[in-house]
Amino acid sequence: VTKVELKASEREYILAQGFEVLGDRQTSEAHYTKAAAADPKNIDIRMRLAGMLERTNPQKAIPVLRDLADESDEARRRLASLLAAVGGDENWKEALQLLGSGGGGDRRARAILLARQGDEANRTMARALFEEIVADPNVARTDDRLLLGRLYELEGKDLLARDQFRFVAS
């Protein structure tokens, strides 16, 4: 039998995952926090902590995602989505700012946030972004066309909506 020594961050990360699977979120969070403290440069550990906190305590997830936003596109997008979901004018402005200058994934995330906001001006901006996205076959996804079709429907542009839905169905 060979004994393997784990680094503190690895040990805590494994324990965190185990307690998460068992449904003990409080203990899992404590171990994720210890793992992140033991290896603060490990993005995977911090993203797992943020993911768990998003589900259990979104307010606690915000600072974790803020710390990761410059290091990870996924973290920046998740932070923007979480801020928009939490609500408030300042959170909304920050969410849009986080997604303002990025590439295709940020455009998609921004379009989704704008569409969810619900008012006509934001839906119009979302539609324009989705039109740009679907114009590029290297970037467009099926769900982009479905969302664009839905936005067209909301604007009463049934023929344009039908074209998007047909494209998806073909």
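Helices are taken here as DSSP runs of H or I with at least four residues, numbered from the N terminus. In this predicted model, that numbering places Leu 6 in the segment before helix 1 (8-22). The side chain belongs to a nonpolar surface patch that Leu 6 forms with Val 4 and Ile 14. Together, the three residues offer about 280 Å² of accessible area. Leu 6 itself has a relative accessible area of 38% and is therefore partly exposed, since that class runs between 20% and 50%.

Charged residues also occur in this part of the chain. Glu 5 and Lys 3 meet through their side chains in a salt bridge, with an N to O distance of 4.0 Å. Both partners are open to the surroundings: Glu 5 is exposed at a relative accessible area of 64%, and Lys 3 is exposed at 71%.

It is helpful to look next at the pairs that involve helix 3. In general, side chains of opposite charge can pair when their charged atoms come close. In the model as a whole, the count comes to 19 salt bridges. One of the pairs joins Glu 20 to Arg 48, whose closest N and O atoms are 3.2 Å apart. Because Glu 20 lies in helix 1 and Arg 48 in helix 3, this pair ties together parts that are 28 residues apart in sequence. Glu 20 counts as buried, with 18% relative accessibility falling under the 20% limit. Arg 48, at 34% relative accessibility, counts as partly exposed.

A second pair involving helix 3 is formed by Arg 46 and Glu 71, whose side chains meet in a salt bridge at 2.9 Å, N to O. Here Arg 46 sits in helix 3, while Glu 71 sits in the loop between helix 4 and helix 5, so the pair ties together parts that are 25 residues apart in sequence. Arg 46 is buried, at 11% relative accessibility, whereas Glu 71 is partly exposed, at 42%.

The loop that follows helix 3 can be described through Asn 57. This residue lies between helix 3 (43-56) and helix 4 (58-68). With a relative accessibility of 29%, Asn 57 counts as partly exposed. Its C-alpha is 17 Å from that of Val 21, and the two residues are 36 apart in sequence.

Salt bridges also link several residues into a network, made up of Asp 73, Arg 76, Arg 77 and Asp 106. Arg 77 appears again in the lining of the largest pocket, which brings the description to that feature.

The largest pocket has a volume of about 150 Å³. Besides Arg 77, its lining comprises Ser 81, Leu 99, Gly 105, Arg 108, Ala 109, Ile 112, Leu 113, Arg 116 and Arg 141. Two helices, helix 5 (73-86) and helix 7 (104-117), each supply at least two of the lining residues. Helix 7 gives the most, with six residues. In terms of class, the lining of the largest pocket holds four nonpolar, two polar and four charged residues. The charged members are Arg 77, Arg 108, Arg 116 and Arg 141, and the nonpolar members are Leu 99, Ala 109, Ile 112 and Leu 113. Ser 81 and Gly 105 make up the polar class.

How values were computed:
Residues are numbered from 1 along each chain as its sequence is written. This is a predicted model: local features need pLDDT of at least 70, side-chain atom pairs count only at pLDDT 80 or more; totals for chains, interfaces and linings use all residues. Side-chain values use heavy atoms; hydrogens and water are left out. Patches are made of residues with over 30% relative accessible area and no salt bridge: like charges are joined within 9 Å, nonpolar side chains (Val, Leu, Ile, Met, Phe, Trp, Tyr) within 5 Å. Accessible areas come from the Shrake-Rupley method with a 1.4 Å probe; for residues, only the protein chains shown count as cover. Buried means under 20% relative accessible area, exposed over 50%, partly exposed in between (1.4 Å probe, protein chains only). On a 1 Å grid over the protein atoms alone, a cavity is a set of points where a 1.4 Å probe fits but cannot get out, and a pocket is an open set with protein on both sides within 12 Å along at least five of seven lines; lining residues have an atom within 4 Å of a point. Grid points are joined across faces, edges and corners, and a volume is the space filled by probe spheres set on the points.
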